[in-house]
Amino acid sequence: MGKAIDERAVDALGAERLDWRFKAIPAAADGATVEEYLRTRPTLDDFGTPLLTLDAGALDHNVRLMASWTEEAGVHLAPHGKTTMAPALWRRQLDAGAWGITLANLPQLRVGRAFGVRNVLLANALLDPAGLAWLSRELDGDPDFTFLSWVDAVRSVELMDQALRAAGASRPVDVCVELGGPGGRTGVRDDDEAAAVAEAVRRAPALRLAGVAGYEGALAHDASDEGRAAVETYLRRMAALHERLAYEVDEPVVSAGGSAFFDQVVDVLAGLDARVVLRSGAYVVHDDGFYRSISPFARGTGHGERLRSAMHAWARVVSRPEPALALLDAGRRDLSFDEGLPEPQLVRGAGTAPVADARVTALNDQHAFLRDADVRVGDVVRLGLSHPCTVLDKWTLIPVVDDADADTPAVVDLIRTWF
């Protein structure tokens, strides 16, 4: 059995040369490798703005907390890699006990395989003939590579089977029937139709029926009683579908669980005769917005422990054109904004919030509108962010600091991403 990830490929990232391609990196680092630059012991003072950083202590805490919680719950974890697209962070999650890595599409899958991820769950249907031909070569060339994808229609089954047979695949591709829900995303809406899709898989020579999967987070955007009831109903449908199907593998997979309702997934699915796999991804970074409010750990799951936001933005005041308005040098090209605007937390070096009612009211491409803040031109403001999935994709190399609350945070790592 091979390693969960190619450790040598991850270690080799330390030899990458730094230059203008990485907007987070100061010019003083140009020409040095990642390892060489880190040996100079840089601090946050050596970096310009705008900047995104990750907090080492928060990352370690979050990985440990989720690993211990899933172990205690008796379920497996395949964190969704799309959150970070950072093999170095995937390695930490796998080293902590994660079963595999979830990915969302063919480009992400190719990144995963470039770094030798052994167990991959593709939370999507893979229908591209060229992609399926590549996948068949990966499977045929690596007996330790485990792969599962989703299907939600007989037509999808037919397309996959045709493409794989045309590519001469010798190993069948394991697939899960994806169950959806009203108003949700992909997934079969009708339970009888889901059973028909499963039967089509069983008839397809190049496929193998291996489980049931879906995403409950598409059915509720908050933890209200109504939202949680919708999630509960959906998960019970998934459990019933699992019991109805005849699989072609010894240990079928039942997979659900984003980062908002994984406690309910465990409550409903953990007792099934299957490998129950959660796909929570945002937990490793967490946030100061959407997930802070909706995470099960915020609702008391986990013996009172909570996840900690590991990401912060740093932006400089470049203009005070009006008494109550300051402009920061970070905008939509740098920060997330789809699940809430950034929140001002403190002024760099001052250790205090700009003022209690300071707020970011809008973002342009390169500027943030900060109102009612006690700041001067030249001050650097730390911002809390919401939704890691849509901020990390804006940064190809992300500094990791030892403590974002310190007076002078030390930069202890640089995390490479591929989006």
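**Overall architecture and nonpolar core**

The protein chain exposes about 17200 Å², of which carbon and sulfur atoms supply 47%. The structure is a predicted model, and its secondary structure comprises eleven helices and 17 strands.

The overall dimensions were examined next. Along the principal axes, the C-alpha trace of the protein chain spans about 70 × 50 × 35 Å. The radius of gyration of the protein chain is 23 Å, which agrees with the value near 22 Å for a compact globule because the chain has 419 residues. Of these 419 residues, 57% are buried. Contacts between residues at least 6 apart in sequence were also considered; 69% of such contacts in the protein chain join residues at least 24 apart.

With respect to charge, the protein chain carries 44 positive and 62 negative charges. The mean positions of these two sets of charges are 3 Å apart.

In the interior, the largest nonpolar core contains 147 residues. Within this core, L135, F147 and L269 touch the most other members. Helix α3, which covers residues 56-73, contributes seven residues, the largest share of this core. The surroundings of L135 were described in further detail. When residues up to four places away in sequence are not counted, L135 touches L109, L126, F145, F147 and V173. One of these partners, F147, is itself named with L135 and L269 among the residues that touch the most other core members.

Methods:
Residues numbered from 1 in each chain as written. Predicted model: local features only at pLDDT ≥ 70, side-chain atom pairs only at ≥ 80, totals over all residues. Heavy atoms only, no water. Helix = DSSP H or I, 4+ residues; strand = E, 2+ residues; numbered from the N terminus. Rg over C-alpha atoms; globule rule 2.2 N^0.38 Å. Buried < 20%, exposed > 50% of the residue type's maximum accessible area, 1.4 Å probe, protein only. Contact = heavy atoms within 4.5 Å. Areas by Shrake-Rupley, 256 points an atom, 1.4 Å probe, with all protein chains shown as cover. Lys, Arg positive; Asp, Glu negative; His and termini not counted. Charge placed at Lys NZ, Arg CZ, Asp CG, Glu CD. Core = buried A, V, L, I, M, F, W, Y, C linked by side-chain atoms within 4.5 Å.
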